[in-house]
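Visitor: I should like to understand how the descriptive terms applied to this model are justified. Could you set each value against its criterion?

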Amino acid sequence: MNHTKQADDSFFVNSIKPQKSGQIESTQSTNSENSENSENSENSENSENSAQNLGILSDPRPGGEERPWRLKKLKTLLLAASFERLGEVQLAERVRNCGTYLEFISDFVQKILRGANFCDCRLCPMCVWRRSLRLAYVLSSVMDEVERDQPYLVPLFLTLTIKNCPATVVGLSQALTVIFEGWNRFLKVKQVKSVTKGWFRSLELTYNREADTFHPHMHVVVYVDGLSYFDRCENNYKKTSEWVQLWGSACRLNYDPICDIRRIQNDSERRKDINEMAKYTVKDTDFIIANDLLLTDKLVLILNKVLRKRRLTAFGGVLKQVATKLKLLDKETKGDLIHVGDGMIREDIAVILRYFWHFGFGQYFKGEE
Ligand SMILES: [Zn+2]
C-alpha cells in the first residue's frame with residue numbers, strides 16, 4: 001500500500017469514488033455535512049457489492065447507514081494542509097497519518113473497531129468524531145449506573161451561555177476564561193451547591209461567519225434530589241430566571257445570559273440530550289471551510305492555540321465517583337478512541353479485517369487478513 005503524502009487538496013475536490021460498474025471515476029465532493037449524506041447514498045445494494053469486490057471499506061450502522069470513515073479521513077487531510085500552511089509541520093504530519101490503519105473484528109454481520117492509529121489531536125475531524133462517540137457511551141453508562149444506584153436522583157439538562165466573542169485568539173481566550181471561571185464559582189454558590197449531587201459539563205463553540213464571532217456555551221447535566229428539588233415546600237426548586245441570575249452573577253456579567261433548563265421527559269429525548277452533550281466542541285464544518293483557505297487557517301490557528309490547554313469536558317460529584325468506579329475517566333482509559341460501546345462479537349466465529357487508507361484513491365482498501 002502506497003501511503004504517499006498529498007501535495008494539495010485538489011484530490012479532495014475531485015475525489016475518486018467507485019462506481020456501480022466497478023470502474024473508478026472522478027466525482028465532485030464538497031466539504032459540508034451533505035457530503036456525509038452523499039457518501040451514504042453509496043449504500044445501495046449494488047454499490048455495496050461492487051465496493052466489497054474492490055475491497056473498499058463498508059461499515060454500516062445497524063440501520064444501514066454507512067459510518068463516515070472516508071469522509072472524516074478526507075477531512076483530516078484538509079486540516080493537515082492547513083497546519084502545514086501555518087508552519088505546524090509535525091502536527092500536520094500527525095493529522096495526515098491519523099486513521100490510515102483500521103482493524104476490525106467482524107462476524108460477517110457487523111464490524112467492531114479493535115485497533116487504529118488515531119492521532120488524538122484536539123481538532124482532528126476523525127478523532128473528534130471518535131471522541132464524541134466515546135463520550136456519549138461513557139456519559140450514558142455513568143448516568144445509567146447513577147440512576148440504578150440512586151433512583152431518587154433526577155438529571156436536569158442546562159445550557160449556559162455568554163455573549164458571542166470576537167473570533168481572535170484574545171477574544172476567544174478571554175471568553176473561555178469567563179465561562180470556566182464562572183463555572184467554578186457557580187458550583188460554589190450556596191443555592192447551586194445545596195441542590196447539585198453530581199454534574200457533567202462540556203464546552204461547545206459555534207462560529208458565526210457573518211459576524212466573525214464565536215458563540216461559547218456549556219452543556220451541563222446536573223443531578224438533583226428529585227424528592228426535595230421538586231417539592232415546593234423545600235424551597236429548592238429554581239425557575240429558569242433564577243438559574244439565569246445565578247449563572248450571570250457567577251460569570252460576573254453585566255447582562256442576563258441566555259440559559260435553558262430542562263428535565264428529560266422520555267428515553268428518546270434522553271438519547272438526544274446525551275448526544276447533544278457529547279458532541280464535538282467545534283464541528284469540523286465550522287472551521288474547515290473548503291472554499292476559503294484563509295478563513296480556515298485563521299480559525300485553525302485560533303482554535304489550536306486557545307483549546308490546547310483547556311479542559312473541555314469534566315465530571316463532578318456522584319458522576320465523577322461512578323465514572324471512576326467504572327474506570328471510564330480519560331486518565332484511566334488514556335483517551336480511548338477505539339472502544340465506543342459498539343457491543344460484542346463472538347471471538348470464536350469472528351475474523352479480523354484490516355483496512356489501509358490509500359492517499360491516491362482517497363479510499364480505504366482491505367489489506368491482508
Ligand atoms: Zn486524529
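Visitor: Why is D212 called partly exposed?

Guide: In this predicted model, D212 has 15 C-beta neighbours inside 10 Å. A buried residue needs 20 or more and an exposed one 12 or fewer, so D212 falls between the two limits and counts as partly exposed. D212 belongs to the loop between β7 (198–208) and β8 (213–225). Its phi is near 55 degrees, a positive value in a residue other than glycine.

Visitor: What makes R252 exposed?

Guide: R252 has 10 C-beta neighbours inside 10 Å. The limit for an exposed residue is 12 or fewer, and R252 therefore counts as exposed. R252 is found in the loop between α10 (240–250) and β9 (259–263). For R252, too, phi is positive, near 55 degrees, in a residue other than glycine.

Visitor: How do you know that Y207 counts as buried?

Guide: The count for Y207 is 21 C-beta neighbours inside 10 Å. Since a buried residue requires 20 or more, Y207 counts as buried. Y207 is located in strand β7. Leaving aside neighbours within four places in sequence, Y207 is in contact with A167, F214, D286, F287 and L299. The C-alpha atoms of Y207 and A167 are separated by 8.0 Å, although the two residues are 40 apart along the chain.

Visitor: What makes A167 a contact of Y207 when their C-alpha atoms are separated by 8.0 Å?

Guide: A contact is decided by C-beta atoms, which must lie within 7 Å; the 8.0 Å separation of Y207 and A167 refers to C-alpha atoms.

Visitor: Why does L337 count as buried, given its place in a loop?

Guide: The criterion is a count of neighbours: L337 has 23 C-beta neighbours inside 10 Å, and 20 or more suffice, so L337 counts as buried. The loop in question runs between α15 (330–333) and β11 (351–358). Beyond four places in sequence, L337 is in contact with F118, D120, C127, R130, R131 and R134. L337 and C127 are 210 residues apart in sequence, yet 7.1 Å apart in space, C-alpha to C-alpha.

Visitor: Why are α6 and α14 called roughly perpendicular?

Guide: Helix α6 (residues 125–149) and helix α14 (residues 317–325) pack at an angle of about 105 degrees, with axes 9 Å apart. The range for roughly perpendicular is 65 to 115 degrees; the pair α6 and α14 is therefore given that description. On α6 the contact is made by V138, V142, E145 and V146, and on α14 by V318, L319, V322 and A323. By class, these comprise seven nonpolar, no polar and one charged residues.

Visitor: Which residues have the most contacts inside the largest nonpolar core?

Guide: They are L79, V95, C124, C127, L139, V142 and L319, in a core of 76 residues. Helix α6 supplies the largest share, ten residues. The core draws at least three residues from each of domain 1 (10–118 + 340–366) and domain 2 (134–285 + 310–329). A second, separate core has nine residues, including I56, L113, W357 and Y364. In soluble globular proteins, nonpolar side chains tend to be buried together.

Visitor: How many helices and strands does the chain have, and what share of its residues is buried?

Guide: The chain has 15 helices and twelve strands, and buried residues make up 33% of its 369 residues.

Terms used. Residues numbered from 1 in each chain as written. Predicted model: local features only at pLDDT ≥ 70, side-chain atom pairs only at ≥ 80, totals over all residues. Axes fitted to C-alpha atoms, helices over the stretch in contact; angles between N-to-C directions. Helix = DSSP H or I, 4+ residues; strand = E, 2+ residues; numbered from the N terminus. Parallel < 35°, antiparallel > 145°, perpendicular 65-115°, else oblique. Contact = placed C-beta atoms within 7 Å. Nonpolar A, V, L, I, M, F, W, Y, C, P; charged D, E, K, R; others polar. Core = buried A, V, L, I, M, F, W, Y, C linked by C-beta atoms within 7 Å. Domains from an automatic or database assignment.
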